[in-house]
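Colleague: Could you take me through this model, beginning with its core and then the strands around it?

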Amino acid sequence: SGEEEQVTAKEPATLEQYVRRGDSEGGLEGNGPSALSSDSIVHDFSDKDRPRTTVKGNVLFTRDNLRITAPSLESIGRSAEYLVASEGVESVDRRQNLRIVAGRMVYERSAKNLRLEKEPRIDFLEKDSGETTGSLSGALIERNFETKETTAQGGVRLVQSGVTAVGQRA
């Protein structure tokens, strides 16, 4: 609509305001300003403790070297404690040289934990060309940005440098 919605201090921040503000806590929250676009944005403040903002249709979120696309993205909580993409998501992080694809993504800000479900895959990208050099897939992949630990479970497949490792947990 082109008009920016103003919210008083008594109301929790919307996903749109959170994205515009920018944060530097790590995880999905890089430094600097962000951009969020979609076909629609709906704010639901009926539960004051867990307000929801849902962006739908051609969702594009960018910040620094991070680009996330999804059919929909939902923010849950007063300070966007949870970010959920339940209809599929693709993310490219050029700073970390990663591409993430999953049917469902849940990011918990306080724990700095990313959970990928429904055929998740992380592609490792070559720094200069962006070519895929390897991948990690499984039934579930989790990444803790605070401990910098990544785990995968269920039909795990790690491909890198021409070697394929298969197992139930990595």
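**The core and strand β4**

Modeller: The largest nonpolar core has 22 residues, and those with the most contacts inside it are Leu73, Ala85, Val89, Met105, Leu114, Leu116 and Ile141. Such a core is a set of buried Ala, Val, Leu, Ile, Met, Phe, Trp, Tyr and Cys residues joined through side-chain atoms within 4.5 Å; buried means under 20% relative accessible area, with a 1.4 Å probe and protein chains only, exposed is over 50%, and partly exposed lies in between. This is a predicted model, in which local features need pLDDT of at least 70 and side-chain atom pairs count only at pLDDT 80 or more, while totals for chains, interfaces and linings use all residues. Residues are numbered from 1 along each chain as its sequence is written, and side-chain values use heavy atoms, with hydrogens and water left out.

Colleague: Which element gives the most to this core?

Modeller: Two or more residues come from each of β3 (52-63), β4 (66-76), β5 (82-85), β7 (98-102), β8 (104-108), β9 (113-117) and β13 (149-160). Strands here are DSSP runs of E with at least two residues, helices are runs of H or I with at least four, and both are numbered from the N terminus. With 4 residues, the top contributor is β4.

Colleague: Which residue in β4 stands opposite lysine 56?

Modeller: β3 and β4 pair in the antiparallel sense over 10 bridges, where pairing requires that DSSP finds at least two bridges between the strands. They form a hairpin with 2 residues between them, and aspartate 64 in the turn has a positive phi of about 50 degrees. Opposite lysine 56 stands serine 72.

Colleague: In the hairpin of β4 and β5, which residue takes a positive phi?

Modeller: β4 and β5 run antiparallel and are joined by 3 bridges. Isoleucine 76 stands opposite tyrosine 82 in β5. There are 5 residues between the strands, and the one with a positive phi, near 110 degrees, is glycine 77.

Colleague: Which residue in β6 stands opposite arginine 67?

Modeller: β6 covers residues 89-93 and pairs with β4 in the antiparallel sense over 4 bridges. Opposite arginine 67 is valine 92.

Colleague: What is alanine 85 in contact with, leaving aside its neighbours within four places in sequence?

Modeller: Alanine 85 is among the residues with the most contacts inside the core. Contact means heavy atoms within 4.5 Å. With those neighbours left aside, its partners are Ala70, Ser72, Leu73, Gly103, Arg104 and Met105.

Colleague: What percentage of the residues in the protein chain is buried?

Modeller: The protein chain has 1 helix and 14 strands. Of its 170 residues, the buried share is 38%.
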